[in-house]
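Okay, thanks for coming, everyone. I'll put the model up and then walk you through a few parts of it.

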Amino acid sequence: MSSNGSAGFRSIPSATGRIARLACARLREQGRDVKAVLSKSGLRFDEITDSTVRLEVQSQIKLLESAAEELRDDLLGFHLARSFDLREIGLVYYVMASSEHLADAFRNAERYSKINTDGARLGFELNETANITIDYVNVDRNSDRHQIEFWLVALMRICRQLTGSRIAARRLKVRHSRAGSPAAFKAFFGTEVEFDADTDEIMLPALAASMPIVGRDPHLNNLLRRYAEEALAHRPGLRGSNHSRVEGVIPQLLPHGRVELSEVARQLGMSSRTLSRKLRDEGVTFAEILDRLRSALAQRYLSDRELPVTQIAWLLGYQEVSSFTHAFKRWTGTTPREFRLSNCVPARGAPIALEARDKADDERRGGN
């Protein structure tokens, strides 16, 4: 993958900022002055405290370097990546975690990684070894150590968590320099680190590519890849109506329960007030788009008899099945279970247990 591609969302590469926020949390835990460290990197405190704000990749790199100096932790990126919840990566992680095999997971990640950041691209190739690479895009790679080390550790953790194994790297190449190879790196990756290399790359045994994913779920994976495709197609900066752009952003946020006007506006690179005005000019409101999209998605998902109502509720951003059921009755006048029974022709051999499970969900959570 070339490091000379376009910047994607904006001319200045941005990312979700999760690594920067983990560093700030570590600073607070150690009683350090977070605002003073932020000022060195050109970031504001309100940008860090609002998890929906995307951060410039170069600013995140500067923050990590300043935080490492303040904490006197020369392996800050490595240490941060060892303990965070991998699910916080978001949609891309869920797509990977529902894939069939490890190779499928990383081919999906290769396609969708730009959803999280337009400052780096993930690559995957299967030859004599299974190779995972990271290429920076419009970002000075020479200025970074901690961010790239964070992602290399995170990717290795993902390999192990998804396969339920303690797989080790065959080789690990890193572009930047270090005085010696830290013992912690060899202990974690299972191999010596080759610094001053011409690439940032994890090389796994070829057989690792065919290892099955512990939580594989073909139906969920198909739905999540649909979300991811919509997210790619409606990335900020692409042409089209604001209505359609909002519809493209909402599905990737729904499973996290974070579908708010302010978040969607930030994803589209504008203020909430500006987005509201633009939508009004098109004769629609954000609330109407969200409600109609949820209704349409719900009916689409219910047509798949192998997808339980509990999972559909999650995909639509509802924490409780009862909340989804009440909304669905408002949309259609029936419960999800009744809609499924009256509108879906059972596939040959479709499990009767699924219908019973949907009914039990309705009754247990007060959705009748």
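**Pocket, sheet and cavity**

Let's start with the largest pocket, which holds about 650 Å³ of space. Keep in mind that this is a predicted model. Going round the walls, 32 residues line that pocket, and the ones nearest its centre are Thr16, Arg18, Glu88, Ile89 and Arg258. Which elements give two or more residues to that lining? They're helix 1 (18-29), helix 4 (57-71), helix 8 (146-163), helix 11 (242-253) and helix 12 (261-267). As for chemistry, the lining of the largest pocket splits into 12 nonpolar, 13 polar and seven charged residues.

Okay, on to the sheet. We have an open sheet of five strands here, in the order 3-4-7-5-6, and the pairing is mixed. At the edges you'll find strand 3 (120-126) and strand 6 (193-194); each has a single partner strand, so one side of each has no neighbour in the sheet. There's also a helix on this sheet: helix 7 (residues 102-112) packs against it and touches strand 3, strand 4 and strand 7. The direction of helix 7 makes about 150° with that of strand 3.

Now look at strand 7, residues 201-205. Is this strand mostly covered or mostly open? Mostly covered, with four of its five residues buried. On one hand there's strand 4 (residues 129-136), running antiparallel to strand 7 and joined to it by five bridges. If you want to find that pairing on the screen, Ala130 stands opposite Leu204 of strand 7, and Asn131 has Met203 as its bridge partner there. Then there's strand 5 (residues 171-173), also antiparallel to strand 7, with three bridges between the two. For that pair, look for Lys173, whose bridge partner in strand 7 is Glu201.

Next, the enclosed spaces. How many cavities of 30 Å³ or more turn up in a search of the whole structure? Three. The largest cavity has about 270 Å³ of space in it. Its lining is made of 18 residues, and Ser113, Thr117, Leu122, Trp151 and Leu155 sit nearest the centre. Helix 6 (91-97), strand 3, strand 4 and helix 8 each put at least two residues into the lining of that cavity. Helix 8 has the largest share, with five residues. By class, the lining of the largest cavity comes out as 13 nonpolar, four polar and one charged.

One last stop, and it's a single residue: Arg82, in helix 5 (residues 76-83). Arg82 has 43% relative accessibility, so it counts as partly exposed; the class runs between 20% and 50%. What does Arg82 touch, leaving aside residues up to four places away in sequence? The answer is Val153, Arg157 and Phe188. Arg157 is the one I'd zoom in on: Arg82 and Arg157 are 75 residues apart in sequence, yet their C-alpha atoms are 7.9 Å apart in space.

That's my tour, so let's go back to the model and talk.

Note on methods: Residues numbered from 1 in each chain as written. Predicted model: local features only at pLDDT ≥ 70, side-chain atom pairs only at ≥ 80, totals over all residues. Heavy atoms only, no water. Buried < 20%, exposed > 50% of the residue type's maximum accessible area, 1.4 Å probe, protein only. Pairing = 2+ DSSP bridges. 1 Å grid on protein atoms, 1.4 Å probe; cavity = no way out; pocket = protein on both sides within 12 Å on 5 of 7 lines; lining within 4 Å. Points joined across faces, edges and corners; volume = space filled by probe spheres on them. Nonpolar A, V, L, I, M, F, W, Y, C, P; charged D, E, K, R; others polar. Contact = heavy atoms within 4.5 Å. Axes fitted to C-alpha atoms, helices over the stretch in contact; angles between N-to-C directions.
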